[in-house]
Amino acid sequence: DKFITAIKQNYLFEMFIDGLPVKGFIGEMDTAPQRFQNGEVRNETSYYLFTHLEFSLAYNGDNVIAVNLTTDARQRLKLQEGKPAQVEFSYSATWKPTDVKYINRMSLYAQAALHDQSVDIHWLSIVNSFVLVILLTSFLAIILMRILRKDFARYMEDPEDAGDDEEVGWKRIHGDVFRPPPYLMLFTAMIGSGAQILTLSSGLLVLALVGMFYPGNRGALYVAAIVLYALTASVAGYVSTDLYVQLGGKRWATNAVLAAGIFTCPFFCVFSVVNMVAIYYGSTSALPLNMVFMIIVLFAVVTFPLSILGSMRAKKQENEFKPPCLPNVKPRELPEIPWYRSALFQMLMAGFLPFSAIYIELHYIFASVWGHRVYTLFGILTLAFIILLIVTAFVTVALTYFQIAMEDYRWWWRSLLSGGSTGVFVFLYAAFYYNHRSEMNGSLQFMFFFGYMFLVSYGFFLMLGTVGYWMASVFIRHIYETIKID
């Protein structure tokens, strides 16, 4: 019965021969019409288990260069539900010499995986995203430059020649726009963690481009992600504490601890729950306790100390925050904001455009991580990643300008939320993929999928929120340095 269930759900088996991955289907289904004695015709599905495997191996000297696995449909066993069956498995092997060197054998798998993918669709996605970037940047540049030119011309007038209503729009809030945001420690910790994840993502893409990850060896990618995350912890500590101290924060050590745990703690919580569920179901994907202990030791010995060291370095530098405009003693009253410029509406706009630039690549990555596809187009993935960052930056800058033009100076958190809102769309797409594009079901697969997709979406939120804040900060500092402030 378990074999029948596996055949229904298109399960694959995978094995490694001299470190080379090979996989194949367990069996197949055959549906044929059956005529009964009363004349009724109904379709009946039969389930067959493959019992013979044919290996074709290419070798060079004493090394295996390539392996191909096929199943023989003539040698299969019909399975019946509820009835035990005695199965005898067999295999055959064919050896063929080749001139390919041992050091180049992984390139054969990369080329084979490339042929299985529709490259035209990927390039169409990149061209579509690139056109989106060109149109978006051109539109924003034209609109913002025209508006800002008028603003600068009006704000640079001599106050004696200007009317009584000269200070309107974003100049009017110059005494509040550089006021530190509420929940400063949380804000700076999220910025620091986002900077770390951005560094981690860039490092993984560089390793992928130089050929460190070959098809069939997903473990190398996971190990590289864990090690790079541990080694880049100093980035989170430095960026977080540097911003926190500049904005007047005093408890920099507490801030360093928060920056180290703001992503790590949710990760360990989700990982613990998912791994316990996997152990309960007896899944082979459950990590053993010794591996879990090694990850905890890695965090305690490497990640946490590096985060503290990065924070200490930032504290010693004591970089001073020099805003173009000093904040007033008391914050001014906020005007009434229309609904279409509320935080929720801005997040919807800010998240949809960057997501639309990557959703095609996202589909193929999902099919690779949660399905049977192999993804090797890391060059196209890098282009999509760069486009994602550019679109996020420009959209956040535009929405920040429209916000301060309404005399709403609460741009710190808004820029973080607007930039990071793409992570919400990633999680919503994950829910769509689970229900309509995959055949996953059951508690184990549900916990694995949504648990780890929550972490991925949260990582997207922190990373893109940091990019959005950085660009909004540069933009606001630039426009207020340009005008005259009395």
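The following exchange goes through a predicted model, from the whole chain to one of its sheets.

Biologist: How many helices and how many strands does the secondary structure of the chain come to?

Modeller: The C-alpha trace of this predicted chain spans about 100 × 60 × 45 Å along its principal axes. Within that trace, the secondary structure comes to 14 helices and eight strands.

Biologist: What percentage of the residues in the chain is buried?

Modeller: A residue is called buried here if its relative accessible area is under 20%. The surface that the chain exposes is about 26600 Å², with carbon and sulfur atoms supplying 63% of it. Of the 486 residues in the chain, the share that counts as buried is 42%.

Biologist: How far apart do the centres of the positive and negative side chains lie?

Modeller: The two sets consist of 35 positive and 36 negative side chains. Taking the centre of each set, one finds that the distance between them is 3 Å.

Biologist: Which strands are the edge strands of the open sheet that holds β5?

Modeller: Strands of a sheet pair through backbone hydrogen bonds, and they may do so in a parallel or an antiparallel way. In this open sheet three strands follow the order β6-β5-β8, with mixed pairing. The strands that pair on one side only, and are therefore its edges, are β6 (63-71) and β8 (90-97).

Biologist: Which residue of β6 stands opposite S56?

Modeller: Strand β5 covers residues 52-60, and eight bridges join this strand to β6. The two strands run antiparallel, and the residue of β6 that stands opposite S56 is N68.

Technical notes. Residues are numbered from 1 along each chain as its sequence is written. This is a predicted model: local features need pLDDT of at least 70, side-chain atom pairs count only at pLDDT 80 or more; totals for chains, interfaces and linings use all residues. Side-chain values use heavy atoms; hydrogens and water are left out. Helices (H or I, at least four residues) and strands (E, at least two) are DSSP runs, numbered from the N terminus. Buried means under 20% relative accessible area, exposed over 50%, partly exposed in between (1.4 Å probe, protein chains only). Accessible areas come from the Shrake-Rupley method with a 1.4 Å probe; for residues, only the protein chains shown count as cover. Lys and Arg count as positive and Asp and Glu as negative; His and the chain ends are not counted. The place of a charge is taken as NZ of Lys, CZ of Arg, CG of Asp or CD of Glu.
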